[in-house]
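Got your viewer open? Let's take a short walk through this chain, one selection at a time.

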Amino acid sequence: MPATDVIEIVRIRLPGLPDDTDALIDSYVQEIGQRILHYCNLAEIPAELEHTWASMVIDALRIEQPNMPGVAETSGAVQEITVGDTSSVPAKPAGLTNTAKSVIDAVVLNYRVDLNRYRKLRW
């Protein structure tokens, strides 16, 4: 299944993404695709996993690019909470707190229920 189909699904689900983010989205699609192949021990990703693949890419974008236009609107993050005369703002990270590898691994493992159906054993 071509990665361009997955990119199109991501663009449909996140309609506010700027046009200049295709390279970034493609890098996530390729990275997640390789992780799916590795996890499932497959040579090619089945077409049935197309939407799961796209959902995984969107989750990775939400985790690693939370302030990117088109993604920020879908994350559901609260900017400020006010109760009476007291307001609270969630803490902002001081920098990149997750490495790409750990984020991608976490996303793949969150979808293991969907991926296990296609997983093959190596002998």
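## The whole chain

Start with everything on screen: of the 123 residues in the chain, 36% are buried. Keep in mind that you're looking at a predicted model. Now switch to a cartoon view, where the secondary structure adds up to five helices and two strands. Follow the chain from the N terminus and you'll meet its elements in the order α-α-α-β-β-α-α.

Next, think about contacts between residues at least 6 apart in sequence: 71% of them join residues at least 24 apart.

## Stop one: helix H2

Select residues 22–40, which form helix H2. This helix has 19 residues, and from its first C-alpha to its last it reaches 26 Å, close to the 27 Å expected at 1.5 Å a residue.

Which residues of H2 are buried? Color these: Ile 25, Tyr 28, Val 29, Ile 32, Gly 33, Arg 35, Ile 36, Leu 37, Tyr 39 and Cys 40. While you look at them, here's a handy rule: an α-helix has 3.6 residues a turn, so residues three or four places apart point the same way.

Now step just past the end of the helix. H2 is followed by Asn 41, which has a positive phi, near 60°.

## Stop two: H1 against H2

Keep H2 on screen and add H1, residues 3–13. To describe two packed helices, you use the angle between their axes and the distance between those axes. For H1 and H2 the angle is about 120°, and the axes are 10 Å apart. The two helices are therefore oblique to each other, and H1 passes H2 in a right-handed crossing.

Show side chains for the residues that touch. On H1, pick Ala 3, Val 6, Ile 7, Val 10 and Arg 11; on H2, pick Asp 22, Ile 25, Asp 26, Val 29 and Gln 30. Sorted by class, this contact has six nonpolar, one polar and three charged residues.

## Stop three: H1 against H3

Hide H2 and bring in helix H3, residues 50–64. How far apart are the axes of H1 and H3? They lie 9 Å apart, and the helices pack at an angle of about 60°. H1 and H3 are therefore oblique to each other, with H1 passing H3 in a right-handed crossing.

For the contact, select Ala 3, Asp 5, Val 6, Ile 9, Val 10 and Arg 13 of H1, then Glu 50, His 51, Trp 53, Ala 54, Ser 55, Val 57, Ile 58 and Leu 61 of H3. By class, you'll find nine nonpolar, two polar and three charged residues here.

Definitions and conventions:
Residues are numbered from 1 along each chain as its sequence is written. This is a predicted model: local features need pLDDT of at least 70, side-chain atom pairs count only at pLDDT 80 or more; totals for chains, interfaces and linings use all residues. Side-chain values use heavy atoms; hydrogens and water are left out. Axes are lines fitted to C-alpha atoms, for helices over the stretch in contact, and angles run from 0 to 180 degrees between N-to-C directions. Helices (H or I, at least four residues) and strands (E, at least two) are DSSP runs, numbered from the N terminus. Angles under 35 degrees count as roughly parallel, over 145 as roughly antiparallel, 65 to 115 as roughly perpendicular and the rest as oblique. A crossing is left-handed if the near helix is turned anticlockwise from the far one by less than a right angle, and right-handed if clockwise. Contact means heavy atoms within 4.5 Å. Ala, Val, Leu, Ile, Met, Phe, Trp, Tyr, Cys and Pro count as nonpolar, Asp, Glu, Lys and Arg as charged, and the others, Gly among them, as polar. The expected span of a helix is 1.5 Å times one less than its number of residues. Buried means under 20% relative accessible area, exposed over 50%, partly exposed in between (1.4 Å probe, protein chains only).
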